[in-house]
Amino acid sequence: MPVRLPFRPRRDAYPPDLWTKCPGPSCGEMLFNKQLDKTLRVCPHCGHHFRISGRARIDQLLDQGSFVERDADLTPVDSLAFVDSKPYTDRLVAAQLQTGLRDAAIWGLGLLAGKPVSICVLDFFFMGGSMGSVVGEKVARAGEAALENRIPLLIVSSSGGARMQEGTYSLMQLVKTMGVVERVKAARVPFISVMTDPTTGGTFASFAAVGDVNLAEPNALIRFAGDRVSAGTIGEELPPGYARAEFWVRHGFVDRIVPRSKLRDEIAALLSFLTVQADVAPEGAAGTGFSPRSFLSALTGALSGEGSGGIGSPTNGTATNGTNGESRLGAGQKVEEPRG
Ligand SMILES: [Zn+2]
């Protein structure tokens, strides 16, 4: 027979993994973790969106059991033998043990509401989701798979930016990822970018901000640099709340803020608008981003009343509407307008 003690445990003596205190401003509720998992780790009282792991994100977005991960064993290399307060290799091992990942990105192919997508998700819990050579490579490979299979590219960002420990190798990822993203766009394959808390630094300055549709989670921190650096650069005081998703949507930088519970449905709806046309990009044309020559050819063709072609040889099928490098929405497929 169990002995009943005449007192209850102190309120602050719960096991630490049982409860989470909501950090939302003016909230502070103690949330039961199992309940929090059921609400996709969104506070039921104030709507605060907790950060979630890359795996959890994939589970929430894709059809159950449809995800096939690629390059899970891609592992970072400490090319610079970098040491700050501790060696980079030690930081990597600690993060790998903590998250079960080799690096801060997961990519693969899967189905979202029955539609195939190439998806890459960044994981903030692995060294702040920072973009080193492996993260950049995975983003690039996700883009290349989208190109090859002509299926939409979906990238969910959650990153503090470039990985300082990889120095210039890290900065080179901005160019590499943008190169692939531009090819995806030139080939008229849709790219949906989801910015979650936080999307800052090098990810913000490269692929995260250039989706055909840019979605964001509520109150997500989105910016390039910290307040002091940003204010110093432009020599002005920054407006309050400038680094939050709500500010960016008012200024047309983010297309829509979508609560986590609606994110999957929202992307599914977008995928049904953003259809991939099979006949647009001929082989070899995908390698060109914005090309002044083909743009001018397209313009000449349009002005001279030709349906397509024009002088020279337009290389990426832009002659029909001349929107090279811009949104991949077809005519009449306006998805949404920024509010405000
Ligand atoms: Zn809360």
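1. Start with helix α9 and what packs over it. The cover on its buried residues includes α2 (54-61), β4, β5, β6, β7 and β8. Cover here is judged by contact, which needs two C-beta atoms, placed from the backbone, to lie within 7 Å. "Buried" means that 20 or more other C-beta atoms lie within 10 Å of a residue's own; with 12 or fewer the residue is exposed, and in between it is partly exposed, the C-beta atoms again being placed from the backbone. Helices (H or I, at least four residues) and strands (E, at least two) are DSSP runs, numbered from the N terminus.

2. Before going on, a word on the model. It is a predicted one: local features need pLDDT of at least 70 and side-chain atom pairs count only at pLDDT 80 or more, while totals for chains, interfaces and linings use all residues. Residue numbers run from 1 along each chain as its sequence is written.

3. Back to α9 (residues 260-273): its 14 residues reach 20 Å from first C-alpha to last, close to the 20 Å expected at 1.5 Å a residue (the expected span is 1.5 Å times one less than the number of residues). Which residues of α9 are buried? They are Arg-260, Ile-267, Leu-270 and Leu-271. These cover an arc of only 100° around the axis, so they sit on the same side of α9; the arc is that of the directions from the helix axis to the C-beta atoms. Turned away from that buried side is a face with the exposed residues Ser-261, Lys-262, Asp-265 and Ser-272.

4. Now zoom out. The chain has 10 helices and 10 strands, and 38% of its 340 residues are buried. Look at contacts with a separation of 6 or more: 67% of them are between residues 24 or more positions apart.

5. Strand β7 (residues 191-200) deserves a good look, since it is mostly covered: 10 of its 10 residues are buried. Strand β6 (residues 153-159) pairs with β7 in the parallel sense over 6 bridges, where pairing means that DSSP finds at least two bridges between two strands. Val-156 stands opposite Val-194 in β7, and Val-194 in turn stands opposite Leu-215 in β8. Strand β8 (residues 213-216) runs parallel to β7, joined by 4 bridges. Strand β9 (residues 222-223) is parallel to β7 too, with 2 bridges, and there Thr-200 has Arg-223 as its bridge partner.

6. How do you get from β6 to β7? Together with α5 they make a right-handed β-α-β unit. Right-handed means that, with the strands pointing away from you, the path from the first strand over the helix to the second runs clockwise.

7. Helix α5 has 20 residues and reaches 30 Å from its first C-alpha to its last, close to the 28 Å expected. Its buried residues include Gln-173, Thr-177, Val-180 and Val-184, and their cover includes α4 (133-149), β6 and β7. Just after the helix, Arg-188 takes a positive phi of about 60°.

8. Is Arg-183 buried or exposed? This α5 residue (the helix spans residues 167-186) is buried, because 22 other C-beta atoms lie within 10 Å. Try finding Leu-147 as well: Arg-183 is 36 residues away from Leu-147 in sequence, yet their C-alpha atoms are 7.9 Å apart in space.

9. The other strand to check is β4 (residues 105-112). It is largely enclosed by the rest of the structure, because 6 of its 8 residues are buried. Strand β3 (residues 68-70) pairs with β4 in the antiparallel sense over 3 bridges, with Glu-69 matched to Gly-108. Strand β5 (residues 115-122) is also antiparallel to β4, joined by 8 bridges, and Leu-109 has Ser-118 as its partner in β5. Their hairpin has 2 residues between the strands, and Ala-113 takes a positive phi near 50° there.

10. Last, the core. Nonpolar side chains tend to be buried together in soluble globular proteins. Here the largest nonpolar core has 62 residues, and Ala-105, Ile-119 and Val-184 have the most contacts inside it. Helix α4 gives the most to this core, with 7 residues. A nonpolar core is a set of buried Ala, Val, Leu, Ile, Met, Phe, Trp, Tyr and Cys residues joined through C-beta atoms within 7 Å. Leaving aside neighbours within four places in sequence, Ala-105 is in contact with residues including Cys-120, Leu-122, Val-135 and Val-139.
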